[in-house]
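Okay, thanks for squeezing me in. Let me put the structure up and walk you through a couple of spots.

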Protein chains: 2
Amino acid sequence: MRTVKEAEERKNEILDAAEELFVTKGYDKTSTGDILDKVGIARGTLYYHFKSKEDILDAMIERISASMMVRAKAEAANTELSVIERIIRSVMSLKLQSPIGDEILQQVHKPQNALMHSKMQKNMIDSVVPLLAGLVEEGVKQGIFDTPYPFYAAEMIIVYSEFAFDEEQDRTQEELMTGIQAFIHNTEKILGAESGSLTQPMMMFFSQSDR
Amino acid sequence: MRTVKEAEERKNEILDAAEELFVTKGYDKTSTGDILDKVGIARGTLYYHFKSKEDILDAMIERISASMMVRAKAEAANTELSVIERIIRSVMSLKLQSPIGDEILQQVHKPQNALMHSKMQKNMIDSVVPLLAGLVEEGVKQGIFDTPYPFYAAEMIIVYSEFAFDEEQDRTQEELMTGIQAFIHNTEKILGAESGSLTQPMMMFFSQSDR
DNA sequence: TATATTAGACCGACAGTCTGTCGGTTAAAA
DNA sequence: TTTTAACCGACAGACTGTCGGTCTAATATA
């Protein structure tokens, strides 16, 4: 009746269960008991592998974040595309293809999940900003951007996009459209890019991908 | 042995105690029992006035936020100052003179207090952005700014400043200085202001106020 | 091949803490 | 005297993390 597995395997089983529960029910409302039931293990086993509930959350975020960065880095390294295209694709790779489901992400942004949300956000920003900063620098060298602060330009863009395109912000379709236009406009200004130089590739991206 | 008070008075006593505890110990680590002890009332009394612990948090944030907005609005309405000065002073009034203590705010930004932090942030942004947007519009009319999106310009500036000047970001003194310069630069770009037009009043502000 | 040993994985009862409820009590106004 | 708003504290229910002990499978030993 007792199944023994390699630590890594069990850990992943636990993380799988936790991820689904945290994301559907929320972190606070998921009890360690829920995870126990889902995985089919005893209390002691959970705490043998993780030192606390929050430890599970951290590991889960680490896992998600790592897989997202693989995608983003791949997009950023694709030298066949222009710098602007690479920026758009690597930033978008974080928004769209969420590692989990799709609309489930709405749950992440409920006030209850503040801890999960802020941890994911921090983790994401920490890893994406340097990536984007590199692309911006490249753009500056190529003469298509003009800013003395590539890093902080990247930071401001990422931080704001993280906020503005959160599901939590309940804006109408129209507000969202204006918001996107404004975002593009402001981004061009911050990067010191020519007016409209981002609009074109952006539209192309959106028209080729479904949503 | 039993003291009866007006509901409003008790509520404020509870909020006073909660505010100090939440801010020093953190929201999660403060138990309702702690609040009970501090105020010197019984469990039932607390739940007579507030429907849950989170309800207390919300009320507390409402109270803080309201008092902050009074200051910010006063600065924004002071027509003796230039638009740029009013922007600086109203935004700064949120950062500096925190309604609580000073360095205590560090606590607010620990991961534990994610709920409190995000609620305060959301509340703040919701109320400050429209205020700042008004000032930006005024600047556009006066010809010192140039942007087709005053509201979103304001939003981007506030959201980013909220993030960048969080105590949580542990940056060196030097990084902070470059960060501020970059922030000013980017802000000028977003507002379509002349290069350097923000730097001057900003310096003046910092030199006259101690910190 | 058969048996003993060991270490890592696992179990579940339990202590301790916390939130929110509820029936009942008291002080002060009507 | 009655009524009502404020107050009390015991208690139910839930949850997290701990701990002593158990099992399994790999390895060592005979």
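So, how many nonpolar, polar and charged residues does the surface near DNA strand D have? It has seven nonpolar, 10 polar and seven charged ones. Near means a heavy atom within 4 Å of the strand; Ala, Val, Leu, Ile, Met, Phe, Trp, Tyr, Cys and Pro count as nonpolar, Asp, Glu, Lys and Arg as charged, and the others, Gly among them, as polar.

Quick housekeeping. This is a predicted model, where local features need pLDDT of at least 70 and side-chain atom pairs pLDDT 80 or more, while totals for chains, interfaces and linings use all residues. Residues are numbered from 1 along each chain, chains are lettered from A and ligands numbered from 1 as written, and side-chain values use heavy atoms, without hydrogens or water.

Back to the DNA. Helix 3 of chain B gives the largest share of that surface, five residues. Helices here are DSSP runs of H or I, at least four residues, numbered from the N terminus. Among the residues that come nearest are A:Thr32 and B:Arg10, and sugar and phosphate make up 61% of the strand D atoms within 4 Å of the protein.

Now some atom pairs. B:His49 has a polar side-chain atom 2.6 Å from a phosphate oxygen of strand D. For A:Arg43, a side-chain N or O sits 2.8 Å from a base oxygen of strand D.

Last bit: A:Ala114, A:Leu115 and A:Ser118 in helix 7 of chain A meet B:Ala114, B:Leu115 and B:Ser118 in helix 7 of chain B, with contact meaning heavy atoms within 4.5 Å. That contact has four nonpolar residues, two polar and no charged.

Conventions. Helices (H or I, at least four residues) and strands (E, at least two) are DSSP runs, numbered from the N terminus. A polar contact is a pair of N or O atoms within 3.5 Å; within protein, one must be able to donate a hydrogen and the other to accept it, and residues adjacent in sequence count only if both atoms are side-chain atoms.
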